[in-house]
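Let's take a friendly tour of a protein model. Have a look at the sequence and the 3D view first, then read on.

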Amino acid sequence: MKNMAGILKKIILLTAGPALLLFFAGCGIAEETLDQTMEKIPFFSGQSTGDGADASGQEPVLGTITRITTVTGVEEKIVCEAGDEVTLHAAIDPANGAREVQLQLFDREANDYRTILTETTADADTAEVTFTLPRENQTMAVTKWRIFVPKQEDTDAGVQDVTVITRNIASPPMISPIYSIYSMDEGEIIFGKDYDTETPMASTTKIMTSILAMEGGILDRESVLSEAAIAVDRQNLPCSAGESYRNADLFHALLICSSNTSAVALAESMDGSEQAFAERMNERARKMGLEHTHFVNAHGLDAEGHYTTARELSEMTAEAWQHDLFREVIKEQEYTFTSTNSDTAVTVETTDTMLKDGDPNFHGGKTGTTAKAGYVFSGIYEYNGKFYVTVNIGAGSDYYRWVDQKQLIEYIKKYGG
């Protein structure tokens, strides 16, 4: 066994046969070259590898096999309310020698983990440790923890990451009866009230309409406005039945000025009727796992059986945000387009007042207003490289809609992380 390279070559010949050497030959690699290459590898040559092998001419020593440490029994994500006691139970294997176990918290400023608590396991093959998270360290909506077991002489270190989401750390004054902040990065609500209550959604419905229009490949078509499309509009667009418009232009009007005419026209372009399109909307909602959302129209005017929740509206908005076109259009404050079969020119202006504030971290969103839904908004805010969906439903006026949105944004800045 003095020539490990030779042994390996014999193993190759026995297991792969001459075909493998023919492959090497086809690549221009001679047997001698293969031997020389293997001889240069410390494991095969007998040179020191730092793990017990030596170059004394004796048989190489294959170093001590390192045991793997496992940390199990801990949930990777824990969602709690502010004030809840959060306890982590972890099984450490191996625990022989009464091993030290550390509870560590990620420090954003240091960009590293620091040890908060330390426990020692029982001296056993497997042992459990328990940590209760100090409440003074739960001051942000999202905190990153880990259970860390340092390396021993013959055993690797072990680690298990844990994300803790703490909802409602503070209680800023809100007017809307339903509101929420949804972290896109975590896929969870980090702040809110009654966000799982079914409620009318008004024109935020058009977020789902836009998703289907973007996915359906209809934006390069043209649509002739039907009587139904004209009849449902409340935006007073200077359009008439029989006029033709590019769907891409109608898509802009859908999201910028919340055109109901555009919603119906796009629905008819895709499925022939608004009713058939609403069925498609419900099918898409089911695929997204939205169990408390149901559509009966494409625009969001109040109707029996037309509802969502703040949580699911957030998830719809996050889904739409995956499309570059949606990101682009919801930030536009004004857009002009013309009919393709008449001289009609249309200029639409945004219903999103907050775009005028010029905050570069505010990426726009979708308004909605009906008698039953009240004043609604679902928007996108970015902070420290993370994205959030801010939703409020049921504000009593346009003014309070934006007051509540600004409260949600301030919460993100203080506690979002």
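Which residues are buried in α7? They are N247, A248, D249, L250, F251, H252, A253, L254, L255 and I256. Keep in mind that this is a predicted model. With that said, here's the tour, topic by topic.

**Two covered helices**

- Helix α7 spans residues 247-256, and 10 of its 10 residues are buried, so you can call this helix mostly covered.
- Helix α8 covers residues 260-271, which makes 12 residues.
- From its first C-alpha to its last, α8 reaches 17 Å, close to the 16 Å expected at 1.5 Å a residue.
- Because 10 of its 12 residues are buried, α8 is largely enclosed by the rest of the structure.
- Among the buried residues of α8 are N260, V264, L266 and M270.
- Here's a handy rule for looking at helices: an α-helix has 3.6 residues a turn, so residues three or four places apart point the same way.

**The sheet**

- Five strands make up an open sheet, and their order is β2-β8-β7-β4-β5, with mixed pairing.
- At the edges sit β2 and β5 (112-120), each of which pairs on one side only.
- Going from one strand to the next, the twist averages 25 degrees.
- As background, strands of a sheet pair through backbone hydrogen bonds, either parallel or antiparallel.
- For a parallel example, check out β2 and β8 (residues 158-167), which pair over 5 bridges; here K77 stands opposite T163 in β8.
- For an antiparallel example, try β4 (residues 100-107) and β5, joined by 8 bridges; in this pair Q104 stands opposite T115 in β5.
- Strand β2 (residues 77-81) also has alternating side chains: I78 and C80 point to one face and are buried, while K77, V79 and E81 point to the other and are not.

**Backbone oddities**

- Most residues other than glycine have a negative phi, and most peptide bonds are trans.
- S258 isn't a glycine, yet its phi is positive, about 65 degrees.
- You'll find S258 in the loop between α7 and α8.
- S258 has a relative accessible area of 4%, so this residue counts as buried.
- D194 also has a positive phi without being a glycine, at about 50 degrees.
- Look for D194 in the loop between β10 (188-193) and α5 (206-215).
- With a relative accessible area of 42%, D194 is partly exposed.
- A cis peptide bond joins D93 and P94, with omega about 0 degrees.
- P94 lies in the loop between β3 (87-93) and β4.

**An exposed loop residue**

- Q322 sits in the loop between α10 (310-320) and α11 (324-329).
- Why does Q322 count as exposed? Its relative accessibility is 51%, and the cut-off for exposed is over 50%.
- Q322 and I211 are 111 residues apart in sequence, while their C-alpha atoms are 9.6 Å apart in space.

**Empty space inside**

- Rolling a probe the size of a water molecule over the atoms shows where empty space is left.
- How many cavities of 30 Å³ or more does a search of the whole structure find? It finds 1.
- The largest cavity holds about 30 Å³ of space.
- Its lining is made of L255, I256, V329, I330, E332, T350, D352 and G365.
- By type, the residues of that lining divide into 4 nonpolar, 2 polar and 2 charged.
- Two names here may ring a bell: L255 and I256 line the largest cavity, and both are buried in α7.

Key: Residues numbered from 1 in each chain as written. Predicted model: local features only at pLDDT ≥ 70, side-chain atom pairs only at ≥ 80, totals over all residues. Heavy atoms only, no water. Buried < 20%, exposed > 50% of the residue type's maximum accessible area, 1.4 Å probe, protein only. Helix = DSSP H or I, 4+ residues; strand = E, 2+ residues; numbered from the N terminus. Pairing = 2+ DSSP bridges. Axes fitted to C-alpha atoms, helices over the stretch in contact; angles between N-to-C directions. 1 Å grid on protein atoms, 1.4 Å probe; cavity = no way out; pocket = protein on both sides within 12 Å on 5 of 7 lines; lining within 4 Å. Points joined across faces, edges and corners; volume = space filled by probe spheres on them. Nonpolar A, V, L, I, M, F, W, Y, C, P; charged D, E, K, R; others polar. Expected span 1.5 Å × (residues − 1).
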